[in-house]
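Me: Could you take a close look at the salt bridges in this structure for me? I would like to see where they sit, and then hear about the other local features worth a visit.

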Amino acid sequence: MTPALRQEIISLIHQEVVPATGCTEPVAVSLCTAYASATLGNVTPESVSVLLSPNVLKNALGVGIPGTGMIGLPIAIALGIVIAQPDKGLTLLDSFTPEQLAEAKRLVEAKIITIGTKPEPVDKLYAEVTIQTTSGETATAIISGKHDHLTYLAKGDQILEDHPIGQQEEQESDDEELALNFSLVYDFATTAPLEEIEFILADAEVNAEASRLSMKSNYGHAVGRMVQSDLGRKYLGDSALTQIISATSAACDARMDGAPVTVMSNSGSGNQGITATMPVLTFAKEQKKGHEETVRALMLSNLMVIYIKQKLGRLSALCGCVVASTGAACGLTYLLGGNKQQVSYAVKNMVGNITGLLCDGAKPSCSLKVSSGVSTAMFSALLAMEQKVVTGSEGIVDDDVDQTIDNLTSIGRVGMNETDRLVLDIMTSKKH
């Protein structure tokens with residue numbers, strides 16, 4: 001592998017593994033609002049109109065917003081108006097004063113914020129915010145394609161930014177992006193000079209800190225704490241498996257309940273970042289694996305997630321824990337001493353098991369899905385070490401591992417679209 005190709009992969013990882021405070025969908029909407037608000041300056045909003053793609057709306061309805069004790073979009077939007085610091089990116093909500101929170105709550109109570117869906121066709125990751133002030137000034141911002149990708153910004157009739165993403169532009173962008181495959185991912189993770197990839201360990205430790213914080217409190221459904229409780233230990237035992245389930249789901253518990261924690265996300269999702277790192281890091285520590293082994297396993301897991309998400313897209317009807325735990329299965333297999341073929345077996349075992357696990361929005365119960373994905377990752381890795389693999393004659397699994405991943409992602413990207421619409425209909429029509 002040439003140094004130039006290695007650097008291209010490293011650049012891609014730095015683009016996709018980034019810090020995020022709070023669930024990335026409401027944070028993306030808050031960031032979009034901050035762009036519009038900063039454009040207007042320190043003015044009083046009279047109305048705020050927010051139009052979202054169905055997938056963004058779905059992922060923002062029931063999740064906690066860091067440091068607020070509140071859930072959902074209105075408070076995230078209001079904080080974007082008040083903080084108005086778009087340069088902070090996806091860490092926009094990592095800190096704000098009690099006075100700023102009080103002002104944001106006042107805006108929510110004033111009921112000046114309206115939220116709706118953007119008519120299709122629209123990118124699955126789309127947020128459009130228009131703020132009108134009491135003096136009649138307006139500003140509009142649009143984020144599309146990626147959680148922090150500003151594609152349009154205008155103040156009144158003056159267009160400040162305009163980078164529309166149509167189908168042709170999206171295709172051209174995809175063509176320019178480094179196209180990964182299984183062999184490239186594996187070879188890079190296992191052979192790249194250690195000093196070039198050690199940064200991934202520090203990223204993982206950020207997520208470990210979120211997990212430790214969660215275990216000291218009672219966030220969400222407290223899945224991580226339950227596994228380590230007297231009841232959990234009595235019936236589930238105390239093993240490497242329960243430790244990785246507990247550590248991973250604990251970080252998710254905190255994040256989904258709105259704890260003021262920053263995690264390293266992967267491909268636009270904090271839960272994916274957690275699930276790609278915590279099982280691997282926890283198992284490596286529990287098994288007393290060396291520094292290099294741990295780094296390479298973490299890199300293999302994270303880069304595999306990036307590869308699969310390239311094919312799946314940022315948001316879909318397929319739960320992100322399916323993708324992220326598949327990456328974790330690869331990292332765990334590597335730590336168990338597995339070779340390239342056995343790592344490919346782990347991928348096939350994952351696809352043959354939990355494909356179809358649907359996404360019904362970001363919320364505290366995501367930690368339950370994460371725990372299912374993590375346990376499946378361990379089962380898949382152990383089976384792979386025993387030379388057991390779901391074969392190409394079974395279901396959607398193919399003899400070729402890259403084709404198997406294609407099959408998985410096409411189901412999530414295309415086959416589950418109607419499921420996605422039905423899930424959103426159910427979520428938005430519930431009586432509370």
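Reply: Happy to help; the salt bridges come first, and a walk through other local features follows.

A word on the ground rules: this is a predicted model, in which local features need pLDDT of at least 70, side-chain atom pairs count only at pLDDT 80 or more, and totals for chains, interfaces and linings use all residues. Residues are numbered from 1 along each chain as its sequence is written, and side-chain values use heavy atoms, with hydrogens and water left out.

The structure holds 16 salt bridges, a salt bridge being a side-chain nitrogen of Lys or Arg within 4 Å of a carboxyl oxygen of Asp or Glu. One of them joins the side chains of Glu 196 and Arg 6, with N to O at 3.0 Å. Glu 196 belongs to helix α8 (residues 194-197) and Arg 6 to helix α1 (residues 3-16), so this pair ties together parts that are 190 residues apart in sequence. Helices here are DSSP runs of H or I with at least four residues, strands are runs of E with at least two, and both are numbered from the N terminus. Arg 6 is buried, at 14% relative accessible area. For these labels, buried means under 20% relative accessible area, exposed means over 50%, and partly exposed is in between, with a 1.4 Å probe and protein chains only.

Glu 128 and Lys 118 also meet through their side chains in a salt bridge, again given as N to O, at 3.0 Å. This pair links distant parts of the chain, 10 residues apart: Glu 128 is in strand β6, and Lys 118 is in the loop between β5 and β6. Glu 128 is buried, with a relative accessible area of 14%, whereas Lys 118 is partly exposed at 24%. That loop between β5 (113-117) and β6 (126-133) also holds Pro 121, and the peptide bond from Glu 120 to Pro 121 is cis, with omega near 5°.

In a further salt bridge, the closest N and O atoms of Lys 155 and Glu 137 are 3.9 Å apart. Here the partners are 18 residues apart, with Lys 155 in strand β8 (residues 150-155) and Glu 137 in the loop between β6 and β7 (138-144). Lys 155 is partly exposed, at 30% relative accessible area, and Glu 137 is partly exposed too, at 31%. Elsewhere, Asp 360, Lys 363 and Lys 369 are linked in a network of salt bridges.

Now for the aromatic side chains. The structure holds one aromatic pair. Its rings, from Phe 182 and Tyr 186, have centres 6.4 Å apart and planes at 20°, so the pair is stacked. The rule is that rings of Phe, Tyr and Trp (its six-membered ring) pair if their centres lie within 6.5 Å; planes under 30 degrees apart count as stacked, over 60 as edge-to-face and the rest as tilted. Phe 182 and Tyr 186 both lie in helix α7 (residues 182-191), four residues apart, about one turn of the helix. Both residues are buried.

Asn 349 deserves a stop as well. This residue is in helix α16 (residues 340-354) and is buried, at 6% relative accessibility. A polar atom of the Asn 349 side chain lies 3.2 Å from the backbone oxygen of Ser 380, and the side chain also reaches the backbone oxygen of Lys 388 at 3.2 Å. Leaving aside residues up to four places away in sequence, Asn 349 touches Ser 380, Leu 383, Ala 384, Lys 388, Val 389 and Val 390, where contact means heavy atoms within 4.5 Å.

Val 305, in helix α14, is buried with a relative accessible area of 0%. With the same sequence neighbours left out, the residues Val 305 touches include Asn 266, Gln 272, Val 323 and Gly 327.

Lastly, some backbone angles. Ala 222, in the loop between α9 (199-215) and α10, has a positive phi near 50° in a residue other than glycine, and it is buried at 11% relative accessible area. Lys 288, in the loop between α13 (270-286) and α14 (291-312), has a positive phi of about 55° although it is not a glycine. Unlike the buried Ala 222, Lys 288 counts as exposed, at 73% relative accessibility.

How values were computed. A polar contact is a pair of N or O atoms within 3.5 Å; within protein, one must be able to donate a hydrogen and the other to accept it, and residues adjacent in sequence count only if both atoms are side-chain atoms.
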